[in-house]
Amino acid sequence: MSEQQYRYIVRIAGTDIPGDIKTVYGLSLIKGVGVNFALALCRLLGIDPNKRIGFLTDAEIERIENAIANPTAVGIPSWMLNRRKDYETGKDLHLVGADLIYYVRRDIEREKRIRSWRGIRHALGLKVRGQRTATTGRIGMTVGVKRRK
């Protein structure tokens with residue numbers, strides 16, 4: 001491979017990825033794409049997962065971007081998507097980047113508005129997923145024992 005084909009930074013789905021990282025781990029730097037999803041994408045697109053991102057061609061990068069935008073078109077099963085049965089549309093979606101942040105924030109606001117248990121826990125700043133809170137999750141100043149002089 002010549003030095004001219006290598007790129008030090010590759011931009012995929014609005015995220016700058018260093019060129020010296022393997023393809024699977026580089027794609028997992030995109031918010032909303034995990035290692036398993038990235039490995040499935042590489043296998044379905046016929047891209048070597050151990051190839052460095054900096055050596056990918058423009059055509060391969062474009063195929064990866066199209067696959068991330070519409071994963072069901074390339075054969076990713078619906079159970080691998082990160083937003084199945086969307087609340088408003090009922091469709092299976094895969095969100096990345098700012099869209100993922102926006103949808104999660106909107107879901108939390110909806111839960112707060114309808115006063116669900118999860119929404120109340122979010123509003124109070126407490127743990128939401130059933131963890132124990134007797135000793136962990138404390139915020140604020142620490143309380144100690146006052147020493148005698």
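Here are some short exercises on a predicted model, each with a worked solution.

## Exercise 1: The faces of H5

Work out which residues of H5 are buried, and how they are arranged around the helix axis.

**Solution.**

Step 1. Begin with the helix itself. H5 covers residues 98-113, which makes 16 residues. From its first C-alpha to its last it reaches 22 Å, close to the 22 Å expected at 1.5 Å a residue.

Step 2. Pick out the buried positions. In H5 these are Leu 100, Tyr 103, Asp 107, Arg 110 and Glu 111.

Step 3. Look down the axis. The buried residues of H5 fall within an arc of 100 degrees, so they line one face of the helix. The spacing fits a general rule: an α-helix has 3.6 residues a turn, so residues three or four places apart point the same way.

Step 4. Turn to the face that points away from the buried side. Ala 98, Arg 105 and Arg 113 are the exposed residues carried there. For Ala 98 the relative accessible area is 61%, which is why it counts as exposed.

Step 5. Ask what the buried residues meet. Their packing partner is helix H6 (117-124).

## Exercise 2: The largest pocket

Find which helix gives the most to the lining of the largest pocket, and describe the residues of that lining.

**Solution.**

Step 1. Take the volume. The largest pocket holds about 160 Å³ of space.

Step 2. Read off the lining. It is made by Asn 82, Arg 83, Leu 95, Leu 100, Tyr 103, Val 104, Asp 107, Ile 108, Glu 111 and Arg 118.

Step 3. Assign the residues to a helix. H5 gives the most, with six residues.

Step 4. Sort by chemistry. The lining has five nonpolar residues, one polar and four charged.

Step 5. Link back to Exercise 1. Leu 100, Tyr 103, Asp 107 and Glu 111 are buried in H5, and these residues also appear in the pocket lining.

## Exercise 3: Glu 60 and its helix

Decide whether Glu 60 is buried or exposed, and place Glu 60 within its helix.

**Solution.**

Step 1. Locate the residue. Glu 60 belongs to helix H3, residues 58-69.

Step 2. Apply the cut-off. Buried means under 20% relative accessible area. Glu 60 has 14% relative accessibility, so it counts as buried.

Step 3. List its contacts. Leaving out residues up to four places away in sequence, Glu 60 touches Ile 47 and Lys 51.

Step 4. Check the helix length. The 12 residues of H3 should span 16 Å at 1.5 Å a residue, and the end C-alpha atoms are 17 Å apart, which agrees.

Step 5. Add the other buried residues. Along with Glu 60, H3 buries Ile 61, Ile 64, Ala 67 and Ile 68. These buried residues cover an arc of only 125 degrees around the axis, which puts them on the same side of H3.

Step 6. Look at both sides. The cover over the buried residues includes strand S1 (9-12), helix H1 (23-27), helix H2 (35-45) and helix H4 (71-74). On the other side of H3, the exposed residues are Asp 58, Glu 62 and Ala 69.

## Exercise 4: Positive phi in two loops

Describe the phi angles and surroundings of Lys 85 and Arg 115.

**Solution.**

Step 1. Take Lys 85. Its phi is positive, about 50 degrees, although Lys 85 is not a glycine. Lys 85 sits in the loop between H4 and H5, and its relative accessible area of 68% makes it exposed.

Step 2. Take Arg 115. This residue is not a glycine either, and has a positive phi of about 60 degrees. Arg 115 is in the loop between H5 and H6, and is exposed at 55% relative accessible area.

## Exercise 5: Apart in sequence, but where in space?

For Arg 52, Ala 98 and Gln 5, set the separation along the chain beside the C-alpha distance.

**Solution.**

Step 1. Arg 52 lies in the loop between H2 and H3 and is partly exposed, at 35%. Its C-alpha is separated by 5.4 Å from that of Ile 21, 31 residues apart along the chain. Beyond residues up to four places away in sequence, Arg 52 touches Gly 19, Asp 20, Ile 21, Lys 22 and Thr 23.

Step 2. Ala 98 and Gly 14 are 84 residues apart in sequence, with 9.1 Å from C-alpha to C-alpha.

Step 3. Gln 5 lies in the segment before S1 and is partly exposed, at 48% relative accessibility. The C-alpha atoms of Gln 5 and Val 104 are 99 residues apart along the chain and separated by 38 Å.

Methods. Residues numbered from 1 in each chain as written. Predicted model: local features only at pLDDT ≥ 70, side-chain atom pairs only at ≥ 80, totals over all residues. Heavy atoms only, no water. Helix = DSSP H or I, 4+ residues; strand = E, 2+ residues; numbered from the N terminus. Expected span 1.5 Å × (residues − 1). Buried < 20%, exposed > 50% of the residue type's maximum accessible area, 1.4 Å probe, protein only. Arc of directions from axis to C-beta. Contact = heavy atoms within 4.5 Å. 1 Å grid on protein atoms, 1.4 Å probe; cavity = no way out; pocket = protein on both sides within 12 Å on 5 of 7 lines; lining within 4 Å. Points joined across faces, edges and corners; volume = space filled by probe spheres on them. Nonpolar A, V, L, I, M, F, W, Y, C, P; charged D, E, K, R; others polar.
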